[in-house]
Amino acid sequence: MFGRLRDTLGSIRRSAAERFGVVPFRKHAVERRVPRTPWYQSDGSTLTALLTVQVITGITMMLYYTNSAEHTYASVRYITEDLTMGRLVRAIHYWTAGFMVTIMAIHVFRHLVLGGYKAPREGTWVIGVFQFFLVLAMSFTGYVLRWDERAVYAARVVLNMFYKVPLIGEELVFLVQGGPHLGSTTLTRMFSVHIWIVPLLLLFLVAIHLYLVVLHGVTSKDERIQPVNNAREQKRVYREAAESEERGEWFHLRTMFVTGGMALIVFSIIFAIALTVGVREMYPEGNLVERSMPREEWWFWWYSSAIALLPPTVSPIFLAGFPLLLFAGMLLLPLLDRGPNRGLRKRPFWTVFVVLCVFSLLYLSELRTRSPWTGWPDPNPPETPHGFVLSKTSEMGRLRFAQYGCNSCHSVAAQGRKAGPDLAGIRHPLSQAWLRGFILAPPQGTAMPAYKDRITEEALGQVVDYVLVAQTFPRE
């Protein structure tokens, strides 16, 4: 009886495997020999695992999210503060997004060092480039959906980037914005991009990318030791390493254990951070009338710092041009670098390049941690020119000038950052009333945060008093 049942179940299993193509998949994708894989080449499978986490947590939050500018902020508050385990789910989603961007950058840098875009993996690289920018797009549009001050600021920055695109800038802004003004339609379009368009494209490209990885494999140790001139040589070297008892291994179970182990470790770190640190607190609800410039998410800090460091004439070009230049450069790289050498030791130029990139990213991000909005605040207030004596109120205003980050943008007598106008030697002195109004609520289109509800009345009077005096300083 049990033997007959076992045979019946076995027959059903074999029939199902045949009907759904399980046998060919298992044979070609799972039960195959591959070169021995070191643990640090598991970043790709980790990204796939994190994308799965993003989809699951995103769908969970979407069940309670309201896609309306009038109710979006309240719905996110509800998910965070009232929904059972909502804060944890949102925290996992948030930190997974940041880790995806970080690990994606590591993945790109690793392939730059190893030459992972060389024949026959050019197609794998090109698909990966599109995935890289889709991950950035998804991470950006995700925090716009909160519709707090950070979200509105981020939307304005991206619209400004699109506006600077030659010839079609205004049309792009109108398309993304959904009309002549930033508002509810903009949020709806960001929601559609984040929930449907980008994930569907990304999942489609992930499937192609994984297929190409199975077809061509990853850069093996043998390829890094000897020059490989073309795709035919690569296939021969890869196959010999895979079939070797010393240099090869079965994908199932050892390779799956190594790659899955790294994904599990990374997710465990994310889960621990989500439990202990939680999700980043939201800013006040987005205000389309008053401007504010809060800090971006941490994975974009370096970009903001780079823009702040550049001269005012160059930064607008860099703002819109750098992503396009980076995208084009990454796509053309397999055509430009066709040498036979692969691996860290045989590619000193790319090794140095990657080290410099990593150092620059960390340095610029660290600068941004000391900046409330655009440049970085100098804790030292501007010096008073020789021969000028400040009153007690003006001296306090000079100290407040540094405390509130005014010297992040403004120089005084050529001292400090030059993102904003120098406040010394102004040809037409500004009145006290005008200064107070401008500081509290700058006009639309001015790259300055509104200080209403951000500065005390006493501090505002002191800063205004100092600026009134600073206007009389000679401009050096």
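# Exercises on cores, rings and charges

Of the 66 residues in the largest nonpolar core, those that touch the most other members are L112, W125 and F140. The structure worked on here is a predicted model.

**Exercise 1.** Determine which helix gives the most to the largest nonpolar core, and then find which residues W125 is in contact with once its neighbours within four places in sequence are left aside.

*Solution.* Start from the core just described, in which L112, W125 and F140 touch the most other members. Helix α5, covering residues 86-114, gives the most to this core, with 15 residues. Turning to W125 and leaving aside neighbours within four places in sequence, its contacts are V108, H111, L112, Y117, M330, L333 and P334. Another core, of 21 residues, lies apart from the largest one, and among its members are C406, V412, A413 and V464.

**Exercise 2.** Decide whether R347 and R110 are buried or exposed, and list what each of them touches beyond four places in sequence.

*Solution.* First place R347, which sits in the loop between α14 (315-336) and α15 (348-369). Its relative accessible area is 5%, and because buried means under 20%, R347 is classed as buried. Outside its neighbours within four places in sequence, R347 is in contact with L112, V113, L114, G115, Y117, K118, D337, N341 and R342. Next take R110, which lies in helix α5 and, at 11% relative accessibility, counts as buried. Not counting residues up to four places away in sequence, R110 touches Y40, Q41 and D43.

**Exercise 3.** Work out what geometry the aromatic pairs Y94 with W95 and F349 with W350 have, and state the accessibility of each partner.

*Solution.* The model has 27 aromatic pairs in total. In the pair of Y94 and W95, the ring centres are 5.1 Å apart and the planes stand at 80 degrees; because an angle over 60 degrees counts as edge-to-face, this pair is edge-to-face. Both partners are buried, Y94 with a relative accessible area of 6% and W95 with 15%. For F349 and W350 the distance is 5.2 Å centre to centre, with 80 degrees between the planes, and this pair is likewise edge-to-face. Here F349 is exposed, with a relative accessible area of 54%, whereas W350 is buried at 16%. As a last step, Y94 and W95 can be placed in one aromatic cluster together with W298, W299 and F300.

**Exercise 4.** For the salt bridges of R254, R398 and R436, identify the partner, the N to O distance and the accessibility of both side chains.

*Solution.* Side chains of opposite charge can pair when their charged atoms come close. The count of salt bridges is 16. R254 pairs with E249, with the closest N and O atoms 2.6 Å apart; R254 is partly exposed at 37% relative accessibility, while E249 is buried at 3%. R398 pairs with E395 at 2.8 Å between the closest N and O atoms, and because the two are three residues apart in helix α16 (residues 392-403), about one helical turn separates them. Of these two, R398 is buried at 14% and E395 is partly exposed at 26%. R436 and E457 meet at 2.4 Å, N to O, and this pair links distant parts of the chain, with R436 in helix α17 (residues 432-440) and E457 in helix α18 (residues 457-470), 21 residues apart. R436 is partly exposed at 24%, and E457 is exposed at 53%.

Technical notes. Residues are numbered from 1 along each chain as its sequence is written. This is a predicted model: local features need pLDDT of at least 70, side-chain atom pairs count only at pLDDT 80 or more; totals for chains, interfaces and linings use all residues. Side-chain values use heavy atoms; hydrogens and water are left out. A nonpolar core is a set of buried Ala, Val, Leu, Ile, Met, Phe, Trp, Tyr and Cys residues joined through side-chain atoms within 4.5 Å. Buried means under 20% relative accessible area, exposed over 50%, partly exposed in between (1.4 Å probe, protein chains only). Contact means heavy atoms within 4.5 Å. Rings of Phe, Tyr and Trp (its six-membered ring) pair if their centres lie within 6.5 Å; planes under 30 degrees apart count as stacked, over 60 as edge-to-face and the rest as tilted. A salt bridge is a side-chain nitrogen of Lys or Arg within 4 Å of a carboxyl oxygen of Asp or Glu.
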